[in-house]
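Colleague: Got a minute to go through this one with me? I'd like to pick at a few residues and see how you reason about each.

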Amino acid sequence: MANTESVDLFSPYKLGKFNLSHRIALSPMTRCRAINNNTANEAMATYYAQRTTPGGLLITEGTIVSLVGNGYPCVPGIFTDEHVEGWKKVTEAVHAKGGIILCQLWHVGRASHHAFQPGGQAPVSPSNKPISSRWKLMMPDDSMAEYPPPRALETSEIPGIVEEFRRGAVNAIRAGFDGIEIHGAQGYIIDQFLKDTINDRTDEYGGSLENRCRLLMEILEAIVSAIGIERTALRISPAIDYLDAIDTDPLGLGLGIIDRLNKFQENHGGKLVHVHSIQPRIMAAEEKLWSEDEGAHLLKKIKRAYQGTFISSGGYTKQLGMAAVANGDTDLVSYGRLFLANPDLVNRFKLDAPLNKYNRALFYTHDPVVGYTDYPFLEEESEGNA
């Protein structure tokens, strides 16, 4: 059912304790610019500040909660005091422009390589199943390689993963973030536990849907107990098969997660900041398990089941975003590549102005300017054409 009052991307929204002036959010995107000790820097502060609007929501790139959780070169962390100090530059820059910023907490699990792991150990996962050769990872020297077989976590090690997420959340608040988003999507460690074609455990973290959701719910409980439910959000992707993260019943998985979240919120007397989910259309056509129509239908069911704010992302144009909000299919829309190439995306959408084209070849370079903070604003284009 469509919303009874007319709303669109430019309608204000009450996001928990935050007052948003519009419904266009910056989606988390790995950018690989934390070149020194996985520490956020001035270039990153400039990048996020460029994309800040008063009352606008930003979600950071995935931010690793431990060295074991790393699987990409030059990504930021949130597990040392140095990391906290680095991120303060970012949060202060965003808050100075009136924005709201959440830190996305990330552990890649099996989506890593010995080269990223302490002591050259194998990456960890719920099982020893490797990611297939269909997928490649970027090595520390920027070459591409296949994913190695992971090591299945012992049951006794899993509380340590929970603690890393809890510590990351506490550090994020110390760094000045308004809250955190748990990365429970896209084939990383939480999603690996959730998806039944990866998780073949026979302990209390495998088998039934209840057991496969256990790690997620334990992380959620630990973080909410530490920083509050009003500062905690979650990203999921039940219908995405990125990095071979496939579930045989994605709708059942998605609704099962949502049912647990609704009960969790009721038990804690409050709402999560949001649940954030991804459209299957982000995948190339030959890589999809589901058609766009099937994927959109699945997300609509999940959105309608969730008792709280829902954010959708994945291949949205302005027109698709306007329609999704107007039809009640989502509350907010997060934009990735369009926001990457258009730091003033909100203004361009308002004015129906032309958009800069993104340069895919520069997505993951480590330059602090090129392909990062050098995309022009509208007024800069006008001056250049004068």
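**Residue by residue**

Modeller: Sure. Let's begin with T330, which sits in the loop between α9 (318-326) and β14. Keep in mind that this is a predicted model.

Colleague: Is T330 buried or exposed?

Modeller: The cut-off for buried is under 20% relative accessible area. T330 has a relative accessibility of 1%, so it counts as buried.

Colleague: Which backbone oxygen does the side chain of T330 reach at 2.8 Å?

Modeller: Two backbone oxygens come up here. The one of F310 lies 3.1 Å from a polar atom of the T330 side chain. F310 is also among the residues in contact with T330 once neighbours within four places in sequence are left aside, a list that includes K303, I311 and S312. The one at 2.8 Å is the backbone oxygen of L332.

Colleague: On to S27. Where is S27 in the chain, in terms of helices and strands?

Modeller: S27 has 7% relative accessibility, so it counts as buried. As for its place, S27 is in the loop between β3 (24-26) and α1 (42-50).

Colleague: With which side chain does the side chain of S27 make a polar contact?

Modeller: Leaving aside neighbours within four places in sequence, S27 is in contact with I59, R235, H276, S313, S334, Y335 and G336. A polar contact between side chains, at 3.2 Å, picks out one of these: R235.

Colleague: What separates the C-alpha atoms of S27 and F339?

Modeller: Along the chain, S27 and F339 are 312 residues apart. In space, their C-alpha atoms are separated by 8.1 Å.

Colleague: Now the cysteines. Why is there no bond between the sulfurs of C32 and C74?

Modeller: A disulfide is a covalent bond between the sulfur atoms of two cysteines. The cut-off used is 2.5 Å between the sulfurs, and by this rule the count comes to zero disulfides. C32 is buried, at 0% relative accessibility, and C213 is buried as well, at 1%. For C32, the closest cysteine sulfur is the one in C74, and it is too far for a bond because the distance is 6.7 Å.

Colleague: What about the largest pocket: which residues lie nearest its centre?

Modeller: About 1,200 Å³ of space lies in the largest pocket. Elements giving two or more residues to its lining are β5 (100-106), β7 (136-138), β14 (332-335) and α10 (337-341). The lining has 42 residues, and those nearest the centre are Q186, Y242, R337, F363 and Y364.

Colleague: How many residues of each class are in the lining of the largest pocket?

Modeller: Splitting the lining into nonpolar, polar and charged gives the picture. The counts are 24 nonpolar, twelve polar and six charged residues.

Colleague: Last topic, backbone angles. What is phi of D142, roughly?

Modeller: D142 lies in the loop between β7 and β8 (144-146). At 37% relative accessibility, D142 counts as partly exposed. Its phi is positive although D142 is a residue other than glycine, with a value near 75°.

Colleague: And D352: is it buried or exposed?

Modeller: D352 is found in the loop between α11 (345-351) and α12 (378-385). D352 is not a glycine, yet it has a positive phi of about 50°. The cut-off for exposed is over 50%. D352 has a relative accessible area of 56%, so it is exposed.

Key. Residues numbered from 1 in each chain as written. Predicted model: local features only at pLDDT ≥ 70, side-chain atom pairs only at ≥ 80, totals over all residues. Heavy atoms only, no water. Helix = DSSP H or I, 4+ residues; strand = E, 2+ residues; numbered from the N terminus. Buried < 20%, exposed > 50% of the residue type's maximum accessible area, 1.4 Å probe, protein only. Contact = heavy atoms within 4.5 Å. 1 Å grid on protein atoms, 1.4 Å probe; cavity = no way out; pocket = protein on both sides within 12 Å on 5 of 7 lines; lining within 4 Å. Points joined across faces, edges and corners; volume = space filled by probe spheres on them. Nonpolar A, V, L, I, M, F, W, Y, C, P; charged D, E, K, R; others polar. Polar contact = N/O pair within 3.5 Å; in protein donor to acceptor, adjacent residues only side chain to side chain.
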